[in-house]
Amino acid sequence: QVHLVESGGGSVQAGGSLRLSCVASGYSSGNAVMGWFRQAPGKEREGVAGISTIGAITAYADSVKGRFTISRDNAKNTVYLQMNSLKPEDTAIYYCARRSGSLWVQRDWASPGVYNYWGQGTQVTVSS
């Protein structure tokens, strides 16, 4: 049984930083493309960052480029999202997800439909 558990969310002021973690169990995370998504109230879930199986390839939403960094430690079955220079518009529930397969596909890394396992989410709130 695959489980993804996120942690590290919280409340910060604008300009602050948070580091999210996603611990995977039930499989070897090094065999899967992983992604971070977020969903704000009344908005669709959007891809924030994606990472290939060994971390050689990463991708980011334009809104977070230069501020967020995705990384992974396959020995710990963990994926991270370092978030710096946070803005109020980053406020959302953040989810990690495992793609159905180990192949990196640049054109659809941010599409929720290609991910088949999701964590429960962690709330990030940024105040101005």
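In which strand is arginine 99 found? The model examined here is predicted. In it, arginine 99 belongs to strand β9, which covers residues 92-99. The overall fold is described before this residue is taken up again.

The chain contains 11 strands and zero helices. Read from the N terminus, its elements therefore run β-β-β-β-β-β-β-β-β-β-β, and the radius of gyration is 13 Å, close to the 14 Å that the globule rule gives for 128 residues, so the chain is as compact as a globular protein of that length. Along the principal axes, the C-alpha atoms fill a box of roughly 40 × 25 × 25 Å.

Burial and contacts were examined next. Of the 128 residues, 48% count as buried. Contacts were taken between residues at least 6 apart in sequence. Of these contacts, 60% join residues at least 24 apart. The exposed area of the chain is about 6,200 Å². Carbon and sulfur atoms supply 48% of that area. The charged side chains comprise 12 positive and 8 negative ones. The centres of the two sets lie 4 Å apart.

Aromatic residues were then considered. A search of the whole structure finds four aromatic pairs. One of them joins phenylalanine 37 and tyrosine 115: the ring centres are 5.0 Å apart and the planes stand at 80 degrees, so the pair is edge-to-face. An angle over 60 degrees is what that label requires. This pair links distant parts of the chain. Phenylalanine 37 lies in strand β4 (residues 34-39), whereas tyrosine 115 lies in strand β10 (residues 115-118). The two residues are 78 residues apart. Both phenylalanine 37 and tyrosine 115 are buried. They also belong to one aromatic cluster, formed by Phe37, Tyr95, Tyr115 and Trp118.

Attention returns to strand β9 and to arginine 99. Is this residue buried or exposed? Arginine 99 has a relative accessibility of 9%, and it counts as buried because the cut-off for burial is under 20%. Its contacts were listed without neighbours within four places in sequence. Ala32 and Val33 are among the residues that arginine 99 touches. Val105, Asp108 and Trp109 are also in contact with arginine 99, as are Val114, Tyr115 and Asn116. Tyr115 thus appears twice in this account: as a contact of arginine 99, and as a member of the aromatic cluster with Phe37, Tyr95 and Trp118.

Methods
Residues are numbered from 1 along each chain as its sequence is written. This is a predicted model: local features need pLDDT of at least 70, side-chain atom pairs count only at pLDDT 80 or more; totals for chains, interfaces and linings use all residues. Side-chain values use heavy atoms; hydrogens and water are left out. Helices (H or I, at least four residues) and strands (E, at least two) are DSSP runs, numbered from the N terminus. The radius of gyration is taken over C-alpha atoms; the globule rule is 2.2 Å times the number of residues to the power 0.38. Buried means under 20% relative accessible area, exposed over 50%, partly exposed in between (1.4 Å probe, protein chains only). Contact means heavy atoms within 4.5 Å. Accessible areas come from the Shrake-Rupley method with a 1.4 Å probe; for residues, only the protein chains shown count as cover. Lys and Arg count as positive and Asp and Glu as negative; His and the chain ends are not counted. The place of a charge is taken as NZ of Lys, CZ of Arg, CG of Asp or CD of Glu. Rings of Phe, Tyr and Trp (its six-membered ring) pair if their centres lie within 6.5 Å; planes under 30 degrees apart count as stacked, over 60 as edge-to-face and the rest as tilted.
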